[in-house]
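Visitor: Could you take me through one part of this structure in detail? I would like to see how a sheet, its helices and the core fit together.

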Amino acid sequence: MQRYRLVLDLQLFNQEKTEPATPRRRQEARKKGQVASSQEIPGAFILLFVFLSFLMLGGYYKDRLYRLFGDTFESGLTMQLTAESLGWLTSKWMTEVALLLLPVFAIALVVGVASNFFQFGWLFTLEPLKPSLKKIDPIQGVKQMFSSRSLVEFAKSILKLLIVGLMVYTTIRGEIKSIVLLDHAMPEQILSFAASLTLSLGIKIAVLLVVLAILDFFYRKYMHEKSLRMSKQDIKDEHKKVEGDPLIKGRIREKQRRMAIQRMMQEVPKADVVITNPTHYAVALRYDASEMDAPVVVAKGVDYLALRIREIAKESDVPILENKPLARALYERVEIGRSIPVDLFQAVAEILAYIYRLKGRIKTS
């Protein structure tokens with residue numbers, strides 16, 4: 001019973017997602033569009049830079065507004081209403097409105113793209129747009145509505161609303177005396193004061209939202225890393241998937257080894273001599289002066305393979321000579337298909353010369 005509990009605890013430990021995500025897991029999540037990002041970042045920075053543009057491009061916006069409303073009150077109201085004049089006036093209004101809003105649209109586009117790029121880099125995927133029944137599942141919708149993540153988002157919204165409301169209240173309260181004195185001010189002074197107060201309040205709110213958005217980004221990054229965590233079993237399964245099952249890989253290697261041995265044994269009948277230890281080592285050599293600069297090892301083996309090489313050599317009338325140090329040196333230093341090293345030329349040459357004399361023919365180099 002105790003052993004069963006130990007095994008069960010070990011299985012539960014392996015299933016706990018306590019390990020950091022592997023690069024493959026991160027890449028797969030990224031392909032699906034699952035990245036650490038905050039939707040608050042683009043909106044907050046766009047709001048900040050738009051208000052900063054009001055501060056830096058105030059003259060441009062003032063000129064565009066004067067043109068838009070000035071022409072309307074100066075000539076538009078006294079203009080004879082015809083199809084041509086109405087078309088001209090509409091075209092002029094649309095042009096002035098477009099020129100007025102052009103900086104805002106440009107800032108929104110550039111800042112929006114830049115803020116997303118700095119969060120997760122360049123990413124283009126259509127995976128989140130694919131239809132899924134889970135997205136319209138009412139049960140899943142209810143679960144998400146009352147999930148801990150939804151509660152956190154609701155709390156963040158309430159907190160943001162309270163902080164922004166408090167900032168608006170304190171700012172207006174600080175200007176309450178100036179606001180009371182506006183009843184005796186000229187219209188231009190009222191507009192100037194309202195624009196200044198709005199600009200100041202907008203920048204303060206935007207800066208606050210930027211700070212909250214950055215905090216939200218770090219929170220979402222933490223939650224994203226948490227969602228990508230893997231269990232020890234997940235890592236093992238991924239390793240098997242990438243590298244292959246060790247059992248299957250072992251069988252493949254065994255099959256490849258057998259095929260290599262079979263090819264090697266087919267080269268033994270072509271050898272000129274087999275040098276043995278005499279029982280533990282066997283090395284088959286082949287030499288053709290017209291094709292080779294030095295003798296080549298065509299087969300080698302120890303124990304059972306050495307026995308098989310000697311048996312095939314006997315069946316094929318390939319001479320077998322015993323030379324313990326030479327057989328061991330050739331086996332350890334020369335791979336199959338490679339030429340023998342220079343320091344072994346003399347010993348091998350003497351053996352080949354002896355074999356050629358036994359066969360009644362001498363092969364010159």
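Guide: Here is a close look at the sheet, then the helices on it, then the core. Keep in mind that this is a predicted model.

Start with the sheet. It is open and has four strands, in the order β3-β2-β1-β4. The pairing is mixed. β3 and β4 (320-322) are the edge strands, and each pairs on one side only. On average, neighbouring strands are turned by 20° against each other, direction ignored.

Now take β1 and β2. They pair in the antiparallel sense, over four bridges. One residue to find is T276: its bridge partner in β2 is A282.

Next come the helices. α13 packs on the sheet and touches β1, β2, β3 and β4. The direction of α13 makes about 75° with that of β2. α14 packs on the sheet too, touching β1, β2 and β4. Its direction makes about 125° with that of β1.

Then look at the core. In soluble globular proteins, nonpolar side chains tend to be buried together. Here the largest nonpolar core has 21 residues. V273, I275, L285, L326 and L330 have the most contacts inside it. Two or more residues each come from β1 (273-276), β2 (281-286), β3 (296-302), α13 (324-333) and α14 (345-358). α14 gives the most, with five residues.

Finish on L330. Leaving aside neighbours within four places in sequence, L330 is in contact with I275, V283, L285, I340 and L344. Apart from this core lies another, of 15 residues, including I261, M265, A271 and I309.

Terms used
Residues numbered from 1 in each chain as written. Predicted model: local features only at pLDDT ≥ 70, side-chain atom pairs only at ≥ 80, totals over all residues. Heavy atoms only, no water. Core = buried A, V, L, I, M, F, W, Y, C linked by side-chain atoms within 4.5 Å. Buried < 20%, exposed > 50% of the residue type's maximum accessible area, 1.4 Å probe, protein only. Contact = heavy atoms within 4.5 Å. Pairing = 2+ DSSP bridges. Axes fitted to C-alpha atoms, helices over the stretch in contact; angles between N-to-C directions.
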